[in-house]
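Colleague: I am new to this one. Could you take me through the labels used for it and say what each rests on?

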Amino acid sequence: MDLFKSVAHYLKNTDLYLAVIAFICSGYGMALIYSATLNPVSIKDDGSTKNLYVQGAAILIGFGAFVLMSLIDLEGLRNRWKNFVVVNICLQLLLFTPLGMEVNGQRAWLNLGVTSLQPGELGKLIFIFTMAAHISEVGEYISELRGLAVIALHTLIMMAAVVVSSGDSGMAIQYFMIAVIMLFAAGLSLKWIALGAGVAVASVPVLWNFVLKKYQITRILVLFDPSIDPQAALQTTYGKIAIGSGQLTGQGLTHGTMTQLQYVPENQTDYIFSVAGEELGFLGCMAIILLLSLLIARLFYVSYRASTPFSSLLAVGVAGMFLFQTFMNIFMNVGLLPVMGLTLPFFSYGGTSVLTMFAALGIAAGVRMREKPSWLQH
């Protein structure tokens, strides 16, 4: 009886909207993954059945992570945020150990035997927590140089840890944008945001000539002129053709010509949106955008209702992560941004990504569970 009461109490107080939307997105994603992998390129590739088992298991484990993270009161750990920064750096550096594993030419995974793990993905959750605690600690000095400098150092250290260990610049950009969104929500003066934008624009020539690798520059250039390197532009070109060919209602699930002939490489991960575009058309794509927009809007609502600035920043960080990753992936699919290896939350195939997303929503659900009663907010 006590167990039933505990479950009923949890269901009453947690944010079921987040969980329901996440499960709807996950179910929709599994249908797209099934179609995307129905006709593998070779017999060595995983088939749809195995992919669905893996994705389904990740969703169930992810829901467990959702519940677990919602029950952890992060307010009690916020004073130890520096320790978690060290933990996060060590997590990224594990890629230098024998556990580090290369996938598609990038050493960004840990081989755990029965499964693999991407430290950069889980590290985003730790980063949201440490950044929320750090910004809360800086408080009213956030728009002063002394406050902003230490926050910037915190961000740069984590970005450097990700890039040095895995070479994943796309993941590092996610860390940066999460920090920017959280700083904006914390009340950072617009003059600093304008100055940062100016510095970013001014640094483009330096990045172009001394930081970006040749293949990264090529990925940017082919957006404007695919003839520069047709092979490099292949994935983007085919992705756009697949989306366009679906028109309003699509060619039908499992009946998309380019999807079933595997013209778009890895279309079950980064380019899952192109599968929806070809097989379910404009309406299928809009359904994805609507579902993820509802999820993001709910996260910002949770932030607005939070009981403390720290809790509010936690929810903002999660919302920022979903917002940036969603629209960056979609822009990548339609050829407005270069290929960056960003998954579409809950829709793309990938156990670590699904686990991270559910755990992130669990953090936000925990904020919702501990918000002040409405009569205390006025």
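Modeller: The points below go through rings, burial, a core, a pocket and cavities, and the model is a predicted one.

Colleague: Why is the pair of Phe 63 and Phe 66 called stacked?

Modeller: A search of the whole structure finds 11 aromatic pairs. For Phe 63 and Phe 66 the ring centres are 5.9 Å apart and the planes stand at 10°. Centres within 6.5 Å make a pair and planes under 30 degrees apart count as stacked, so the label follows. Both residues lie in helix 3, 3 residues apart, and so about one helical turn separates them.

Colleague: What makes Phe 66 buried?

Modeller: Its relative accessible area is 1%. Buried means under 20%, so Phe 66 qualifies. Phe 63 has 32% relative accessibility, which lies between 20% and 50%, so Phe 63 counts as partly exposed.

Colleague: Why is the pair of Phe 84 and Phe 129 called edge-to-face?

Modeller: The planes of Phe 84 and Phe 129 are at 75°, with the centres 5.1 Å apart. An angle over 60 degrees counts as edge-to-face, so this pair gets that name. The pair links distant parts of the chain, with Phe 84 in helix 4 (residues 81–93) and Phe 129 in helix 5, 45 residues apart.

Colleague: Which of Phe 84 and Phe 129 is buried, and which is partly exposed?

Modeller: Phe 129 has a relative accessible area of 5%, under the 20% limit, so Phe 129 is buried. Phe 84 has 26%, over that limit and under 50%, so Phe 84 is partly exposed.

Colleague: Which residues do ring pairs link into a cluster?

Modeller: Phe 23, Phe 63, Phe 66, Phe 322, Phe 346 and Phe 358 are joined that way.

Colleague: Which residues touch the most other members of the largest nonpolar core?

Modeller: That core has 81 residues, and those with the most contacts to other members include Met 182, Ile 288, Phe 322 and Phe 346. Helix 13 (residues 272–305) gives the largest share of this core, 12 residues. Leaving aside neighbours within four places in sequence, Phe 322 is in contact with Leu 295, Ile 296, Leu 299, Pro 345, Phe 346, Met 357, Ala 360 and Leu 361.

Colleague: How do you know that Gly 100 is buried?

Modeller: Gly 100 has a relative accessible area of 11%, and the limit is 20%, so Gly 100 is buried. Gly 100 lies in strand 1 (residues 100–103). Beyond its neighbours within four places in sequence, Gly 100 is in contact with Leu 94, Leu 95, Arg 107, Trp 109 and Leu 110.

Colleague: What residue classes line the second largest pocket?

Modeller: The lining has 12 nonpolar, no polar and no charged residues. Phe 84 and Phe 129 are among them, along with Met 69, Leu 74 and Ile 363. Helix 5 gives the most to this lining, with 4 residues. The pocket holds about 250 Å³ of space.

Colleague: How many cavities of 30 Å³ or more are there, and what lines the largest?

Modeller: The structure holds 4 such cavities. The largest has about 90 Å³ of space. Its lining has 7 nonpolar, 2 polar and 3 charged residues, including Met 69, Leu 74, Asp 73, Glu 75 and Arg 370.

Colleague: Which helix gives the largest share of the lining of the second largest cavity?

Modeller: Helix 11 does, with 3 residues. About 60 Å³ of space lies in that cavity.

Notes. Residues numbered from 1 in each chain as written. Predicted model: local features only at pLDDT ≥ 70, side-chain atom pairs only at ≥ 80, totals over all residues. Heavy atoms only, no water. 1 Å grid on protein atoms, 1.4 Å probe; cavity = no way out; pocket = protein on both sides within 12 Å on 5 of 7 lines; lining within 4 Å. Points joined across faces, edges and corners; volume = space filled by probe spheres on them. Helix = DSSP H or I, 4+ residues; strand = E, 2+ residues; numbered from the N terminus. Nonpolar A, V, L, I, M, F, W, Y, C, P; charged D, E, K, R; others polar. Core = buried A, V, L, I, M, F, W, Y, C linked by side-chain atoms within 4.5 Å. Buried < 20%, exposed > 50% of the residue type's maximum accessible area, 1.4 Å probe, protein only. Contact = heavy atoms within 4.5 Å. Phe/Tyr/Trp six-rings, centres within 6.5 Å; stacked < 30°, edge-to-face > 60°.
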